[in-house]
Amino acid sequence: MSRDRPPAGAEDDRGPLRAAFAGLTTRGRSFLAAGGAAAACAYLLGQPDLLRVGMLLAALPVLCVLVLHGTRSGVAAARRLSPARVGAGSEARVHLRVENVARLPSGLLLLQDRVPYVLGPRPRFVLDRIEPGGRREVTYRIRSDLRGRYPLGPLQLRLADPFGMVELSRSFHAYDVMTVLPRIESLPPVRLGGDAGGHGDGRQRVIAVAGDDDIIPRDYRHGDDLRRVHWRSTAHRGALMVRREEQPLQARCTVLLDTRRRAYAGGGPESAFERAVSGAASVVSHLVARGYGARLVTDAGLAMPGPDTGTADTAEVTGLIMDALAVVDHSANDGLDGALAGARGGDTGLLVAFLGAVDDEQIAVLGRLRQRANGAVALLAAGQWDPAYEADRLRALGQAGWTALAHHQGVPLGRLWQEAALELAAAGRGVTGPR
């Protein structure tokens, strides 16, 4: 939640007093003019009663300026997003809270929150006077069909007195960021391979240690069974060591996203590039939910998570990948050499690639990348170029060892996922079937 509170004694936040007089409305200026004219006539005509009327007319707008000038900085605001990360096409709620921390009641308040045009029109709210120490809360909804990160704020505040003499504005400084994630499609529960042993089972497997020579000891932890103490290692190390009798092997998956601008035609939410980004997010979400360790690689060399990320938490890794996909954009690269470099270090496991147009040079790079994977599926953006050319590219990818499918607009990704599983099973590189 972002907050904006007035600092104690901050006169600069109120602005110079003469700037506050610039907020006089036409009515307030008319009252000042009428008061000045009445005072001048009273002086010329010697009418003290007219002078008192003129002073009253001029004092009213001046008093309104002083009151609003004193209370403008006594208004604090806070904003809260619920949630701060949403999928494309989903709604989020923005909660605004306005609090009067001054000793005087506020006048009429007009709130306007700045939002990017892709999130809709700027929301406006009118609030009645707020008593000292009181607060008001308002809520509005926003949604976007375009992934990305969008700033919300700063909040703009306009105060008016009950007589309509003065209108003063104030702009807060705090803002929040809303992250719109790519669309995620549901995929069927089929197995494509990618485990550490290459046997096509996505679940974590356990290796039982048979002999004493194969035991990998580790430091004793509070709560470990004392029957598992490995006395030979304890005597050698001088510290209590226990047998590590199980070693989990986790299935791995690498998702390759081709972001080259030259590889895609057109733009917008329904473009081939956006389908590729949505497909990459869907595959990552699907496989992580089934116990895979996922990694995102692009032609620009981006590897998420990177070697210096320093986290093994599945939810955190997934969040990092989704945040990267929310803001990924076209690259100016000509080839896929960056993907080859980004995939180095670590087990590639199952390799799923979302590709644009590829020529013989890129297919050669993909062929070298295929040699590191237990299974490889390529979804080629289709419907952009000549159908005969796209069919030839699919055959070339197949000859390079990939299970290549055409990714047409309007074709559910789940259907392609099932077709890939069937082709891998037929080639003897995977096992299909629901979990």
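## Exercises on a predicted model

In this model, residues 7-14 keep a pLDDT (the predictor's confidence in each residue, from 0 to 100) under 50, with 8 contacts (heavy atoms within 4.5 Å) beyond four places in sequence. The model is predicted, so to speak of local features a pLDDT of at least 70 is needed, side-chain atom pairs count only at pLDDT 80 or more, and totals for chains, interfaces and linings use all residues. Residues are numbered from 1 along each chain as its sequence is written, and side-chain values use heavy atoms, leaving out hydrogens and water.

**Exercise 1.** Find what pLDDT the chain averages.

*Solution.* Start with the average, which is 83. Next, note that 85% of the residues score at least 70.

**Exercise 2.** Work out which residues of helix α9 are buried (under 20% relative accessible area, 1.4 Å probe, protein chains only).

*Solution.* First locate α9 at residues 360-370. Its buried residues are Gln362, Ile363, Val365, Leu366, Gly367, Leu369 and Arg370. Then look at their surroundings: they pack against elements including β16 (252-257) and α10 (387-399).

**Exercise 3.** Find which strands stand at the edges of the sheet β6-β5-β9-β10.

*Solution.* Begin with the order: this open sheet has 4 strands with antiparallel pairing (strands are DSSP runs of E, at least two residues; a pair needs at least two bridges). β6 (124-127) and β10 (167-171) are at the edges, each with a single partner strand, so one side of each lacks a neighbour in the sheet. Finally, follow β9 (residues 155-160), which pairs with β10 over 5 bridges; leucine 157 has arginine 170 as its bridge partner in β10.

Notes. Buried means under 20% relative accessible area, exposed over 50%, partly exposed in between (1.4 Å probe, protein chains only).
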